[in-house]
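Subject: Structure handover

Hello,

Here is the structure you asked to look at. Please open it beside this email and follow along.

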Amino acid sequence: MMKQIVALVAILWMTSIHAEADYFHRDSKIFGTVLTDSSQINEVIPHTNAFGFAPNTIDDITEYLNRNDSRLLPVISISHLLLNSETGLYRHNVNSIIQAIEKADIHNHEFLFLIDEPLWIIRSTCKEKNQPAACNEITNNYAKTLATFRKVGKLLRQRFPGSGIMHIESWAELAIQKQQRPHNHVIMLDDAEFLGFDCYGDIDSCGSHEYGYRNQIEYGTWVWDAMLALESRKPINRKLFLVPGSFLMDEGPNDIDRLLKQLGFYAWVLQASDKIGGFGTFLWGDMIENGKYFTGARNIRSVADFLANIAEYYNVKN
């Protein structure tokens, strides 16, 4: 009988190790920034160990990876590639993403796949286009979306062992959820190793007139509490990921002061817990989105210098 018990314990122990190994794990903090062109990878090497990008096409994935000579950790935004514009929901077919990665000449051992504001995209589709599937998904607390991204994570981890999923949600989505269900945890992807939110503005008052203004600590606390609840049900070493802004939309010294204040605050928060896993700024290069021009950190000298100082303080290494 004792031998059978020992054998069972050994099997369970090995199974738990295998399960943990399927998920992304890194003890050191992740430092990165969102790029707008693959040529910018070399620019950020001195003060990052990761970089993020949102490919316009599948082929962009291959191009960025081929430029990654220093083997920084790629954080690839993929949710827009999985969005079904007709229904406003997401699909789990990641074959084209896998093929694009495998085509690269430089092969990374691990990736983080970013799911960027998926719940807010669904809510916006319902509100602006009145898509029945999207509206029903909100009513059902995003049940299909959670299931879809569980499948996405499983497929990508199977093909690229040790890789993981990052979910960054819009502050507006979190605010609406809390307004409607103040005593519930906010809904976050339940099989993602990194969870976070984005709100670019004043630390003490970030938001909009429509959905309210809050201290950014409040948004972070909502995500933190949801993360701990998910971790208590299924431990996968989840961590909070910080996403401060590093861009300007309007010129002016007050805006730069606001950026530096947000960056400094998040850099300070980063050291508060080992459950805070990284710091990724938006954004490094310039871009135009929805008719608005964004000036990234590479063209704001004080911001670029500050990011380099933060990296030096944390002894960031590739």
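First, one term: contact means heavy atoms within 4.5 Å. Keep in mind too that this is a predicted model.

**Helices on strands**

Start with helix α5, residues 118-129. Helix α5 lies across two strands, β6 (112-116) and β7 (164-170). Its direction makes an angle of about 45° with β7. Now find helix α8, residues 171-180. Helix α8 lies across β7 and β8 (194-198). Here the angle to β7 is about 70°.

**The sheet**

Those strands belong to an open sheet of 8 strands. The order is β1-β12-β11-β8-β7-β6-β3-β2, and the pairing is parallel. Which strands stand at the edges? They are β1 and β2 (50-53). Each has a single partner strand, so one side of each is left without a neighbour in the sheet. Neighbouring strands are turned against each other by 25° on average, direction ignored.

Look at the β2 edge in detail. Strand β2 pairs with β3 (residues 73-77) over 4 bridges, in the parallel sense. One pair to find on screen is Ala50 and its bridge partner in β3, Leu73.

**Cavities**

How many cavities of 30 Å³ or more are there? The count is 2.

The largest cavity has a volume of about 80 Å³. Its lining is made up of these residues:

- Phe31, Gly32 and Thr33 are among them.
- His47 and Thr48 also take part.
- Phe279, Thr281 and Trp284 belong to the lining as well.
- Leu307 and Ala311 complete the list.

Three elements give two or more residues each to this lining: β1 (30-33), β12 (276-281) and α11 (301-313). Strand β1 gives the most, with 3 residues. So which classes of residue line the largest cavity? There are 5 nonpolar, 5 polar and no charged residues.

The second largest cavity has a volume of about 40 Å³. Phe24, His25, Arg26, Glu193, Phe194, Asn237 and Lys239 line this one. By class, the second lining has 2 nonpolar, 2 polar and 3 charged residues.

**Disulfides**

A disulfide is a covalent bond between the sulfur atoms of two cysteines. The whole structure holds 2 disulfides. One of them joins Cys126 and Cys135, with sulfur atoms 2.1 Å apart. Is the disulfide of Cys126 and Cys135 right-handed or left-handed? The torsion about its S-S bond is about 105°, so the disulfide is right-handed.

**Backbone details**

Most residues other than glycine have a negative phi, and most peptide bonds are trans. Two places in this model deserve a look with that in mind.

The first place is Glu117, in the loop between β6 and α5. Glu117 is not a glycine, yet its phi is positive, at about 50°.

The second place is the peptide bond from Phe282 to Leu283. Is this bond cis or trans? The bond is cis, with omega near 10°. Leu283 is found in the loop between β12 and β13 (287-289).

Best wishes

Notes: Residues are numbered from 1 along each chain as its sequence is written. This is a predicted model: local features need pLDDT of at least 70, side-chain atom pairs count only at pLDDT 80 or more; totals for chains, interfaces and linings use all residues. Side-chain values use heavy atoms; hydrogens and water are left out. On a 1 Å grid over the protein atoms alone, a cavity is a set of points where a 1.4 Å probe fits but cannot get out, and a pocket is an open set with protein on both sides within 12 Å along at least five of seven lines; lining residues have an atom within 4 Å of a point. Grid points are joined across faces, edges and corners, and a volume is the space filled by probe spheres set on the points. Ala, Val, Leu, Ile, Met, Phe, Trp, Tyr, Cys and Pro count as nonpolar, Asp, Glu, Lys and Arg as charged, and the others, Gly among them, as polar. Two strands pair if DSSP finds at least two bridges between them. Axes are lines fitted to C-alpha atoms, for helices over the stretch in contact, and angles run from 0 to 180 degrees between N-to-C directions. A disulfide is a pair of cysteine sulfur atoms within 2.5 Å.
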